[in-house]
Amino acid sequence: MEAMRVLVVEQDATSRDTTTQMLHAMGCVVTHARRIEDAFFLVSHQKVDMVLTDVWSGVDVYNGVPIVWVNAPTPRAKTPQRLRRQAVRYLARQGAA
């Protein structure tokens, strides 16, 4: 089975690194964008299976790629455990976990 290609949109380096480590541990191939506008460009120019972001873009799908919005009401709530639970639920629905 081919690894899921996940584009992580995150400005904060610590959050980006934590999310990337978690996704790599799940067997995903991860690329990054700092802004949602950059993510839209990347989705248009490379193969991506899912966008994972904490930035509300106003859309749930872009160019056929689902955009998963990870909401954390406070910086403390954006823990690796919470991100992992949200990503695992999504990936399980997609058959990747």
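Angles between elements run from 0 to 180 degrees, taken between N-to-C directions of axes fitted to C-alpha atoms. The model shown in every view is predicted.

**View 1. Helix H2 lies across the strands of the sheet.** Helix H2 covers residues 36–45. The strands it lies across are E1, E2, E3, E4 and E5. Relative to E1, helix H2 runs at about 160°.

**View 2. Five strands build an open sheet with mixed pairing.** The strand order is E2-E1-E3-E5-E4. E2 and E4 are the edge strands, and each of them pairs on one side only. Strand E4 spans residues 61–62. Helix H1 packs on this sheet and touches E1, E2 and E3. The direction of H1 makes about 160° with that of E2. In general, sheet strands pair through backbone hydrogen bonds, in parallel or antiparallel fashion. Both kinds appear in the next two views.

**View 3. E1 and E2 run parallel.** Strand E2 takes in residues 29–33. It is joined to E1 by 5 bridges. One bridge pair is Val6 with Val30, the latter in E2. Together with helix H1, these two strands make a right-handed β-α-β unit.

**View 4. E4 and E5 run antiparallel.** Here 2 bridges join the strands. E5 consists of residues 65–69. Val61 has Pro66 of E5 as its bridge partner.

**View 5. The largest nonpolar core has 15 residues.** Met4, Val6, Leu23, Cys28, Met50, Leu52 and Leu91 have the most contacts inside this core. Four elements each supply at least two of its residues: strand E1 (5–9), helix H1 (13–25), strand E3 (50–53) and helix H3 (80–94). H3 gives the largest share, 3 residues. Another core, of 11 residues, lies apart from this one. Its members include Ala39, Val43, Val65 and Ile67. In soluble globular proteins, nonpolar side chains tend to be buried together.

**View 6. Leu23 has contacts that are distant in sequence.** Neighbours within four places in sequence are left aside here. The remaining contacts of Leu23 are Val6, Val8, Cys28, Val30, Leu52, Ala87 and Leu91. Val6, one of these contacts, is also the bridge partner of Val30.

**View 7. Thr20 sits in helix H1.** Is Thr20 buried or exposed? Thr20 counts as buried because its relative accessibility is 9%, and the limit for buried is under 20%. Its side chain reaches the backbone oxygen of Arg16 at 2.8 Å. With neighbours within four places in sequence left aside, Thr20 touches Val30 and His32.

**View 8. Ala13 and Asp17 are both partly exposed residues of helix H1.** Ala13 has a relative accessible area of 38%, so it counts as partly exposed. For Asp17 the value is 41%, which means that this residue is partly exposed too. The partly exposed range lies between the 20% and 50% limits. How far apart in space are Ala13 and Arg34? Their C-alpha atoms are 9.3 Å apart, while 21 residues separate them in sequence. Asp17 and His32 are 15 residues apart in sequence. From C-alpha to C-alpha, Asp17 and His32 are 9.9 Å apart.

Technical notes. Residues are numbered from 1 along each chain as its sequence is written. This is a predicted model: local features need pLDDT of at least 70, side-chain atom pairs count only at pLDDT 80 or more; totals for chains, interfaces and linings use all residues. Side-chain values use heavy atoms; hydrogens and water are left out. A nonpolar core is a set of buried Ala, Val, Leu, Ile, Met, Phe, Trp, Tyr and Cys residues joined through side-chain atoms within 4.5 Å. Buried means under 20% relative accessible area, exposed over 50%, partly exposed in between (1.4 Å probe, protein chains only). Contact means heavy atoms within 4.5 Å. Two strands pair if DSSP finds at least two bridges between them. A crossover is right-handed if, with the strands pointing away from the viewer, the path from the first strand over the helix to the second runs clockwise. A polar contact is a pair of N or O atoms within 3.5 Å; within protein, one must be able to donate a hydrogen and the other to accept it, and residues adjacent in sequence count only if both atoms are side-chain atoms.
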